[in-house]
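This report describes selected features of the entry shown below. It is written for a reader who has the sequence and coordinates at hand.

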Amino acid sequence: MSMQITQSPLKSRPIGEIAADLPGATAIFRKFKLDFCCSGDVALADAAKSRGVNLEAVEHELEELSASGQSVAIPHETPVLIDHILERYHETHRRELPELVELARKVEKVHAEHPQAPHGLGDLLQQIIGELEVHMKKEELILFPAMRRQPTGVFDAPISQMRHDHDDHGAHLQKLETITNGLELPDGACRSWQALYAGTGKFIDDLMEHVHLENNVLFPRFETKFAQPVES
Ligand SMILES: [Fe+2]
Ligand SMILES: [Fe+2]
């Protein structure tokens, strides 16, 4: 799938919209540390400027991806998209996070005296598990079933609550980055420490993709502000 990059300049388009239109763009945004999920309504140029990132370099990679036709399409049908979110992200978080907590507690204990030890990581991950579980249950039991039942429904209030929860998730991710020193391993880090940071990095990537698919692709289909005018 190729994006219509000639419609308006990439730099003036919201970063979340680009991520939604061009599958694979999220990997480029993550590489440049641009927030496309919780701050998806910010124009690409502004996002790059606030991060001190070279805008032309980002645009170049996006244009190359678009031209390559190698992007993997996001499921279009709403029920298929919801199934994808549940199977690829909700189930993965539930499966992988408990192991990360165990690993974090082990590394914190064994390397307690190390100046770069990720103190508090196990507790933070445990807190994230609890908050994510409550959030995902709300989606699974209330919002997503309503979306399946009423494909043209408008659910502004519950979606606003979900977006608020997502902002909280984003704050947790920033704390993860701080505690782990940007996932930078010290020289000679043991295998457990390596596995912990690799797993934490994967979780951060997964959660950003997960929130992006909801904030920028699924939710706008059910919000008043994104409703298409009815043609007479
Ligand atoms: Fe979700
Ligand atoms: Fe969510």
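How many residues does helix 7 have, and what distance does helix 7 reach from its first C-alpha to its last? In this predicted model, helix 7 comprises residues 156-179, a total of 24 residues. The helix reaches 35 Å between its first and last C-alpha, close to the 34 Å expected at 1.5 Å a residue.

The buried residues of helix 7 are Ile159, Met162, Asp165, His166, His169, His172, Leu173 and Leu176. These buried residues pack against helix 6 (121-149) and helix 8 (191-218). After helix 7 comes asparagine 181, which has a positive phi near 55°.

**The two iron sites**

One of the buried residues of helix 7, His166, is also a protein donor of the iron ion (ligand 2). The table sets out the protein donors of both iron ions.

| Ion | Protein donors | Donor distances | Angles among the 4 donor atoms |
|---|---|---|---|
| iron ion (ligand 1) | His90 (NE2), Glu139 (OE), His210 (NE2), Glu214 (OE) | 1.9 to 2.2 Å | 90 to 164° |
| iron ion (ligand 2) | His135 (NE2), Glu139 (OE), His166 (NE2), Glu214 (OE) | 2.1 to 2.2 Å | 86 to 171° |

What is the geometry of the site of the iron ion (ligand 1)? With angles of 90 to 164°, this site is irregular. The donor residues of the iron ion (ligand 1) follow the sequence spacing H-x48-E-x70-H-x3-E. Here a pair of donors links distant parts of the chain: histidine 90 belongs to helix 5 (residues 78-110) and glutamate 139 to helix 6, 49 residues apart. Histidine 90 counts as buried because its relative accessibility is 1%, and glutamate 139 counts as buried at 0%.

The site of the iron ion (ligand 2) is likewise irregular, with angles of 86 to 171°. Its donor residues are spaced H-x3-E-x26-H-x47-E in sequence. Histidine 135 lies in helix 6 and histidine 166 in helix 7, so this pair ties together parts that are 31 residues apart in sequence. Histidine 135 is buried, with a relative accessible area of 1%, and histidine 166 counts as buried at 0% relative accessibility.

**The bridge between the ions**

Which residue bridges the iron ion (ligand 2) and the iron ion (ligand 1)? Glutamate 139 does so, and the ions lie 3.2 Å apart. Glu214 (OE) is listed among the protein donors of the iron ion (ligand 1) and among those of the iron ion (ligand 2).

Methods. Residues are numbered from 1 along each chain as its sequence is written. Chains are lettered from A and ligands numbered from 1 in the order in which they are written. This is a predicted model: local features need pLDDT of at least 70, side-chain atom pairs count only at pLDDT 80 or more; totals for chains, interfaces and linings use all residues. Side-chain values use heavy atoms; hydrogens and water are left out. Helices (H or I, at least four residues) and strands (E, at least two) are DSSP runs, numbered from the N terminus. The expected span of a helix is 1.5 Å times one less than its number of residues. Buried means under 20% relative accessible area, exposed over 50%, partly exposed in between (1.4 Å probe, protein chains only). Contact means heavy atoms within 4.5 Å. Donors are N, O and S atoms within 2.8 Å of the metal (3.2 Å for Na, K and Ca); water is not among the atoms, so sites may look incomplete. Four donors count as tetrahedral if all angles lie between 85 and 135 degrees; four count as square planar and six as octahedral if opposite donors are over 155 degrees apart and all others between 65 and 115; anything else is irregular.
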